[in-house]
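The following explanation leads the reader through one protein model, from a single residue outward to the fold, the cores, the charged side chains and the largest pocket.

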Amino acid sequence: MNLYAIRAIYVFELSRWLRTLAGSILAPVVSTSLYFVVFGSAIGSRMAPIGGVSYGAFIVPGLMMLSVLTESLANASFGIFMPKWSGTIYELLSAPVSWIEALIGYTGAAATKSVALGAIILVTARLFVPFHIAHPLFMASFLVLTAVTFSLFGFLIGIWSDSWSGCRSCRCW
């Protein structure tokens, strides 16, 4: 296994993420914060706690996973589709890199970005809602497994895609 190739793809994808910091981190955190403000204060203030859990604390995992799922799918699919679209995929295809190494590099970077975003959103949620994590190890495991699964799915979508918009066979776009 070519660990240098995996590391190169992984580092390149993470550096792409850091170059677009405002769109990659700031936008999901701001939109999730708006969900907390709108749903937490508008709806949450009218609902009584159920089983000792407030409505705001109840929506934290859902909003965090919504961001993680979206970013996992988007990062992995964009990471492999963009080189296909721009024609730079041939550099990867001509390099001594197997498909499994490319898969590990792209999906590993997408999952890392998504888990980091999930952690940032969890910290941001603490500003709006007091909550308690009963099983942090299970939560972290579930977060990583979900990020990897949806990153793999996003990688498949990026490989499968031919263009930016709809299906080409029926010319509906």
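**A guided reading of the model**

Apart from neighbours up to four places away in sequence, Ala109 is in contact with Tyr10, Glu13, Leu14 and Ile104, where contact means heavy atoms within 4.5 Å. The model is a predicted one, in which local features need pLDDT of at least 70, side-chain atom pairs count only at pLDDT 80 or more, and totals for chains, interfaces and linings use all residues. Residues are numbered from 1 along each chain as its sequence is written, and side-chain values use heavy atoms, with hydrogens and water left out.

Ala109 belongs to helix H5. Helices (H or I, at least four residues) and strands (E, at least two) are DSSP runs, numbered from the N terminus. With a relative accessibility of 0%, Ala109 counts as buried; the term buried denotes under 20% relative accessible area, exposed denotes over 50%, and partly exposed lies in between (1.4 Å probe, protein chains only). The C-alpha atoms of Ala109 and Val11 are separated by 7.6 Å, although these residues are 98 residues apart along the chain.

The protein as a whole has six helices and zero strands. Its C-alpha atoms fill a box of roughly 60 × 40 × 25 Å along the principal axes. Of its 173 residues, 36% count as buried. Among contacts with a separation of 6 or more, 84% are accounted for by residues 24 or more positions apart.

The interior may be considered next. In soluble globular proteins, nonpolar side chains tend to be buried together. A nonpolar core is here a set of buried Ala, Val, Leu, Ile, Met, Phe, Trp, Tyr and Cys residues joined through side-chain atoms within 4.5 Å. The largest such core has 22 residues, and Phe36, Val60 and Phe131 have the most contacts inside it. Two or more residues of this core come from each of helix H1 (3–19), helix H2 (21–43), helix H3 (55–86), helix H5 (99–128) and helix H6 (136–160). H3 supplies the largest share, eight residues. Beyond its neighbours within four places in sequence, Phe36 is in contact with Ser41, Gly56, Ile59, Val60, Leu63, Ala125, Phe128 and Val129. A second, separate core comprises 10 residues, including Ala76, Ile89, Leu92 and Ala102.

Two further residues illustrate different degrees of exposure. Thr146, in helix H6, is buried, with a relative accessible area of 10%. Setting aside neighbours within four places in sequence, Thr146 is in contact with Met65 and Leu69. Val30, in helix H2, is partly exposed at a relative accessible area of 42%. The C-alpha atoms of Val30 and Thr124 are 9.4 Å apart, with these positions 94 residues apart along the chain.

Charged side chains follow. A salt bridge is a side-chain nitrogen of Lys or Arg within 4 Å of a carboxyl oxygen of Asp or Glu, and by this rule there are two. In one of them, the side chains of Arg16 and Glu13 meet with an N to O distance of 2.7 Å. Both residues lie in helix H1, three residues apart, and are therefore separated by about one helical turn. Glu13 also forms a salt bridge with Lys113, with the closest N and O atoms 3.7 Å apart. Because Glu13 lies in helix H1 and Lys113 in helix H5, this pair ties together parts that are 100 residues apart in sequence. Glu13, Arg16 and Lys113 are thus linked in a network of salt bridges. Arg16 and Glu13 are buried, as is Lys113.

Which buried residue has no salt bridge? Glu101, located in helix H5, is buried yet has none, and Arg7, the nearest side chain of opposite charge, is 14 Å away. For this purpose Lys and Arg count as positive and Asp and Glu as negative, while His and the chain ends are not counted. Glu101 touches Met1, Asn2, Ile6, Ile9 and Pro96, not counting residues up to four places away in sequence.

Finally, the largest pocket holds about 360 Å³ of space. On a 1 Å grid over the protein atoms alone, a pocket is an open set of points where a 1.4 Å probe fits, with protein on both sides within 12 Å along at least five of seven lines; lining residues have an atom within 4 Å of a point. Grid points are joined across faces, edges and corners, and the volume is the space filled by probe spheres set on the points. Of the 17 lining residues, Ala57, Pro61, His132, Ile133 and Met139 lie nearest the centre of the pocket. H3 and H6 each give two or more residues to the lining, and H3 gives the most, with six.
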